[in-house]
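Student: Please take me through this model, one question at a time. I would like the reasoning before each result.

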Amino acid sequence: MVSIHNEKICTRQSVGKLLSVVLLGVVYMAYVLIGGVIFWKLEGDQMESQIALLKEERSILLQKYQCLDQNSLEELAELILSASKDGLSLKGNHTSGGFWKFTSSAVFAATVVTTIGYGNISPRTTLGQIFCVVFAVVGIPLNVVVLNRVGKYMLAVERKFCNIIAKKTNHQKCMIVCLHVTSFLISSVLYFVVPMLLFQEYEGWTYSQAIYYCFITLSTIGFGDYVADSNQDKEYPDWYGCILGVWIFFGLAWLALLINHAIDLLERINAYHKSGRKNHDETDHSQQREAEGS
């Protein structure tokens with residue numbers, strides 16, 4: 001009887017694990033599909049009106065410049081697109097040096113190992129593409145190790161500082177929580193608000209565009225619709241690129257630390273629920289044995 005009851009408990013636990021995996025998959029799919037519907041509604045109508053406006057502007061352009069037929073317009077569009085990919089400015093009577101300078105190449109290397117991948121710049125030559133693959137295979141794991149180590153060191157420094165301050169008060173637990181929240185707010189200002197102001201000043205972006213770029217970059221999503229220090233029609237100070245690199249590195253470490261905290265919190269919640277189910281099964285088992293003994 002005891003072995004049969006144990007088999008029932010094991011079967012129940014296996015079914016519970018399977019149901020939890022299925023439920024998690026359903027939640028994930030629902031979240032993605034709901035996000036797709038929201039993006040479709042927010043951006044779809046706007047895109048249709050934008051396409052209609054572009055078609056109207058194209059007709060006006062062809063009427064204004066009658067020597068410009070459809071083929072010539074396509075050639076002009078290809079020229080503009082090619083110049084944009086190479087980082088050349090078509091405004092005025094001069095062009096800049098393009099993307100593949102040392103500074104922009106260094107930034108590109110950083111976007112490869114951090115997997116940000118804006119997409120505004122990419123290797124064209126065969127050797128460059130092959131080297132990019134080899135460079136990424138070695139650089140991405142190295143980047144993960146370095147960011148993880150730096151993030152843990154940042155966390156250790158924060159905890160040590162909070163503990164030193166908290167020991168000087170009578171309410172240590174409350175003070176530690178308050179100090180951690182304060183540290184999080186200061187870090188948010190340092191990695192989001194300050195860069196937002198900097199980008200608004202030197203890139204000419206709105207505050208919403210700047211904060212959007214900050215998150216898309218630090219989360220390594222990297223759409224490439226907004227890229228700092230890449231406008232060929234602007235003159236940036238020499239320190240701007242260095243500050244940008246430092247911000248990306250420590251910002252990635254900080255955001256990776258937050259993501260690890262979130263994962264750890266979810267795992268603890270999951271472990272708490274598992275321990276609750278285990279205690280419930282043990283209680284049922286004990287009651288079963290007591291009933292059999294009586």
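Student: What accessible area do the residues of the nonpolar surface patch around Val133 have together?
Tutor: The model is a predicted one. Its nonpolar surface patch consists of Leu127, Ile130, Val133, Val134, Val137 and Val138. A residue needs over 30% relative accessible area to be counted in a patch, and valine 133 has 53%. Taken together, the residues of the patch have an accessible area of about 610 Å².

Student: Is valine 133 buried or exposed, and in which helix is it found?
Tutor: The cut-off for exposed is over 50% relative accessible area. Valine 133 has 53%, so it counts as exposed. The helix in which valine 133 is found spans residues 126–166 and is H4.

Student: Which backbone nitrogen does the side chain of threonine 125 reach?
Tutor: Threonine 125 lies in the loop between H3 and H4. With a relative accessible area of 52%, threonine 125 is exposed. Its side chain comes to 3.0 Å from a backbone nitrogen, that of glycine 128.

Student: Where is threonine 115, and what is its phi?
Tutor: Threonine 115 follows H3 and sits in the loop between H3 and H4. Its relative accessibility is 40%, so it counts as partly exposed. The residue is not a glycine, yet its phi is positive, near 60°.

Student: How far apart are the end C-alpha atoms of H3, and what span should its residues give?
Tutor: H3 has twelve residues. At 1.5 Å a residue, the expected span is 16 Å. That agrees with the separation of the end C-alpha atoms, which is 17 Å.

Student: Which residues of H3 are buried, and which helix is included in what covers them?
Tutor: Buried means under 20% relative accessible area. In H3 this holds for Ser104, Phe108, Thr111, Val112 and Val113. The cover over these buried residues includes H4.

Student: Which residues does asparagine 143 touch, leaving out those up to four places away in sequence?
Tutor: Asparagine 143 is found in helix H4. Its relative accessible area is 13%, so it is buried. With residues up to four places away in sequence not counted, asparagine 143 touches Val113 and Thr114.

Student: What distance separates the C-alpha atoms of threonine 103 and cysteine 242?
Tutor: Threonine 103 lies in helix H3, and at 53% relative accessibility it counts as exposed. Along the chain, threonine 103 and cysteine 242 are 139 residues apart. Their C-alpha atoms are separated by 9.2 Å.

Student: Is serine 188 buried or exposed, and which backbone oxygen lies 2.9 Å from a polar atom of its side chain?
Tutor: Serine 188 has its place in helix H5, residues 172–202. A relative accessible area of 17% means that serine 188 is buried. Outside its neighbours within four places in sequence, serine 188 is in contact with Val193 and Trp254. The backbone oxygen 2.9 Å from a polar atom of its side chain is that of phenylalanine 184.

Student: Which residues of H6 are buried, and which residue with a positive phi follows H6?
Tutor: Helix H6 covers residues 207–218, and its twelve residues should span 16 Å at 1.5 Å a residue, which agrees with the 17 Å between its end C-alpha atoms. Its buried residues are Ala210, Tyr213, Cys214, Ile216, Thr217 and Leu218. The residue that follows H6 with a positive phi, near 65°, is threonine 220.

Student: Where does aspartate 229 lie, and what is its phi?
Tutor: Aspartate 229 lies in the loop between H6 and helix H7 (238–293). With a relative accessible area of 29%, aspartate 229 is partly exposed. Aspartate is not glycine, but the phi of aspartate 229 is positive, near 60°.

Student: How many helices and strands does the chain have, and what percentage of its residues count as buried?
Tutor: Along the sequence the pattern is α-α-α-α-α-α-α. That comes to seven helices and zero strands. Of the 294 residues, the part that counts as buried is 21%.

Technical notes
Residues numbered from 1 in each chain as written. Predicted model: local features only at pLDDT ≥ 70, side-chain atom pairs only at ≥ 80, totals over all residues. Heavy atoms only, no water. Patch = residues over 30% accessible without salt bridge, like charges linked within 9 Å, V, L, I, M, F, W, Y side chains within 5 Å. Areas by Shrake-Rupley, 256 points an atom, 1.4 Å probe, with all protein chains shown as cover. Salt bridge = Lys/Arg side-chain N within 4 Å of Asp/Glu carboxyl O. Helix = DSSP H or I, 4+ residues; strand = E, 2+ residues; numbered from the N terminus. Buried < 20%, exposed > 50% of the residue type's maximum accessible area, 1.4 Å probe, protein only. Polar contact = N/O pair within 3.5 Å; in protein donor to acceptor, adjacent residues only side chain to side chain. Contact = heavy atoms within 4.5 Å. Expected span 1.5 Å × (residues − 1).
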